[in-house]
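Visitor: Please take me through one part of this model at close range. I would like the sheet and whatever is bonded to it, step by step.

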Amino acid sequence: QVQLVESGGGSVPVGGSLRVSCTASGHTNTINSMGWFRQAPGKEREGVAIIGVGDVYIGGGHTYYADSVKGRFTISRDNAKNILFLEMNELKPEDTDKYYCAAGRTVIGGTGALASKWYDYWGQGTQVTVSS
């Protein structure tokens, strides 16, 4: 019922910046949270950043970040166009992963929102490679 398509991945130098995007379509009115996850081969999928998008979230400040990216990554959304962004700055080699966009119907808050189990829809992923 919801389709997510990521774009903007690529190769960047250590310390560089990159912005990835996710376009949502379909029954987007059912979505309450959206986020970015990343996963490397042989490792578990990791929550990176989450933003509340449903009417239950009043005002700003409903964003959650993994400790490893706080102060470097920023999640935002273009409400009119249903586009989710992740601005990545001061990139490190350990940020190299395939990044996935996710959307969920469950209303959640706090750092628990970084768990992948809360999300119902997933994009195909976009590769981000940070190299020296």
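Guide: Start with one strand pair. This is a predicted model. In it, strand 3, residues 18–26, pairs with strand 8, residues 83–88. The sense is antiparallel, and the pairing runs over 6 bridges. One contact to find on screen is L18, whose bridge partner in strand 8 is M88.

Now widen the view. Strands 3 and 8 belong to an open sheet of 4 strands, in the order 1-3-8-7. The pairing in this sheet is antiparallel. Strand 1 (2–7) and strand 7 (73–78) stand at the edges. Each has a single partner strand, so one side of each is left without a neighbour in the sheet. Neighbouring strands are turned by 20° against each other on average, direction ignored. As for what holds such strands together, strands of a sheet pair through backbone hydrogen bonds.

Go back to strand 3 for the covalent link. The structure holds 1 disulfide. C22 and C101 form this bond, with their sulfur atoms 2.1 Å apart. C22 lies in strand 3 and C101 in strand 9, residues 97–104, so the pair ties together parts that are 79 residues apart in sequence. Look along the S-S bond next. The torsion about the S-S bond of C22 and C101 is about -75°, so this disulfide is left-handed. Both cysteines, C22 and C101, are buried, with under 20% relative accessible area as the cut-off.

Put the two views together. Strand 3 pairs with strand 8, and strand 3 also carries C22, the cysteine tied to C101 of strand 9.

Definitions and conventions
Residues numbered from 1 in each chain as written. Predicted model: local features only at pLDDT ≥ 70, side-chain atom pairs only at ≥ 80, totals over all residues. Heavy atoms only, no water. Pairing = 2+ DSSP bridges. Helix = DSSP H or I, 4+ residues; strand = E, 2+ residues; numbered from the N terminus. Axes fitted to C-alpha atoms, helices over the stretch in contact; angles between N-to-C directions. Disulfide = S-S within 2.5 Å. Buried < 20%, exposed > 50% of the residue type's maximum accessible area, 1.4 Å probe, protein only.
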